[in-house]
Amino acid sequence: MKAQPDCIACMFKQALNTIRILTDSTETQTKVMRSLAHRVADTLSLNKTPAALSQPVYEIITEITGIADPYENIKTETNRLALSLLPDLTNRVHNAADPLDAALHVAAAGNIIDLGIGHEFDMEKDIVRIMDQPFTINAIEDFRTELRRHKNVLYLGDNAGEIVFDTILVEHIIKIGASVTFVVKSGPIINDATIIDAEISGMTKLAPVIETGSSDIGINWNRVSPEFRQAFETADIIIGKGHGNFETCNERPENIYFLLKAKCDMVAHNLGVQFGDIVFKHSAGQNSKTSNPHIS
């Protein structure tokens, strides 16, 4: 997905949202915005993904403040709150008429936790509401069919807190008979999940967890680790959670299911949905084994 002029304005919004978490100093806030303005003037190119375009925002903030993880405390709190909701949501999925659909809804509902763009949410209320919201694009039948073949699933995680809800879907996929490898970032970027969040959420007890090899928004294909690249290119099924993974993987040739809530107009337009819709979209690329009618 290529960036649009709207993404430039979003960069400055992300910068202001993030630096205000760290300091009330108008001088420091202005320094960040001025530095970003210079960086944009010198290096701006819309021939990038929105994720890559936004990356300098967080690099600049770390350079100026010396703080590598501005969202550390907020990630801790979202993990705590998500864990408090987990037992009730687990029971809801267990008792659902279609547990796979319910597990997908729980995971999609967790995608409300997106702090960089300043998306406001009430986790407890929004989770309940989204559980009853139909997917605007829904590839569940393709997904269900593929899982029955006991496929190898690679799950690209998104945010802290959200990873707690991902455990419900991962656990259900494993019960169906597929194996799952979960992916986190190798270092802090916005509120994205790292290995620490995988441990807190209980994900490391459910499935192998690997890192992307970098601390980039989405997937930076120039900086991924050999382990991640091999896992991605050999997976039978890939689940990509959230905006960053969609923005950086939607043109890939692999067999990918994108699971997210459309929280910006650019992503919504690219998906062909409305702002606020939830989506489970199947992108069966040219390398997908599902594209071969002789594979059963």
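**Two helices, a loop and the overall fold**

In this predicted model, helix α3 gives way to G66, a residue with a positive phi near 80°. The helix that G66 follows makes a handy place to start. Helix α3 covers residues 50–65, and at 1.5 Å a residue its 16 residues should span 22 Å; the C-alpha atoms at its ends are 24 Å apart, so the expected and computed spans agree. Much of α3 is tucked away: the buried residues are P50, A51, L53, S54, Q55, P56, V57, Y58, I60 and I61. The cover over these buried residues includes α1 (5–22), α2 (26–43) and α12 (242–249).

Helix α12 turns up in that cover, and it is worth a look in its own right. Here 8 of the 8 residues are buried, so α12 is largely enclosed by the rest of the structure. Going along the helix, these are G242, H243, G244, N245, F246, E247, T248 and C249. Both helices and strands help to hide them: the cover includes the helices α3, α11 (226–234) and α13 (265–271), along with the strands β2 (152–156), β5 (237–241) and β6 (255–261). Helix α3 and helix α12 thus appear in each other's cover.

Stepping back to the whole protein, the secondary structure adds up to 13 helices and 7 strands. How does the overall size fit what a compact globule would have? For 296 residues, such a globule would have a radius of gyration near 19 Å, and the protein has 19 Å, so the two agree. Taken along the principal axes, the box filled by the C-alpha atoms is roughly 60 × 40 × 35 Å. Of the 296 residues, 54% count as buried. Contacts reach a long way along the chain, too: among those between residues at least 6 apart in sequence, 72% join residues at least 24 apart.

As for the surface, the protein exposes about 12,900 Å², with carbon and sulfur atoms supplying 49% of that area. The side chains include 27 positive and 38 negative ones, and the centres of these two sets lie 2 Å apart.

The loop between β3 (179–184) and α9 (195–201) holds N191, and I190 sits in that loop as well. Are these residues buried or exposed? N191 is buried, at a relative accessible area of 1%, and I190 is buried too, at 10%; both values fall under the 20% cut-off for burial. I190 also has a backbone quirk, with a positive phi of about 50° although it is not a glycine. N191, for its part, lies 8.9 Å from G161, C-alpha to C-alpha, with their positions 30 residues apart in sequence.

A last stop is D142, which belongs to helix α7 (residues 140–147). With a relative accessibility of 41%, D142 counts as partly exposed, since that value lies between the 20% and 50% cut-offs. Which residues does D142 touch, once its neighbours within four places in sequence are left aside? The contacts are with Y257 and H282. Y257 falls within strand β6 (255–261), which also helps to cover the buried residues of α12. N91, on the other hand, is 51 residues from D142 in sequence and 25 Å away in space, C-alpha to C-alpha.

Note on methods
Residues are numbered from 1 along each chain as its sequence is written. This is a predicted model: local features need pLDDT of at least 70, side-chain atom pairs count only at pLDDT 80 or more; totals for chains, interfaces and linings use all residues. Side-chain values use heavy atoms; hydrogens and water are left out. Helices (H or I, at least four residues) and strands (E, at least two) are DSSP runs, numbered from the N terminus. The expected span of a helix is 1.5 Å times one less than its number of residues. Buried means under 20% relative accessible area, exposed over 50%, partly exposed in between (1.4 Å probe, protein chains only). Contact means heavy atoms within 4.5 Å. The radius of gyration is taken over C-alpha atoms; the globule rule is 2.2 Å times the number of residues to the power 0.38. Accessible areas come from the Shrake-Rupley method with a 1.4 Å probe; for residues, only the protein chains shown count as cover. Lys and Arg count as positive and Asp and Glu as negative; His and the chain ends are not counted. The place of a charge is taken as NZ of Lys, CZ of Arg, CG of Asp or CD of Glu.
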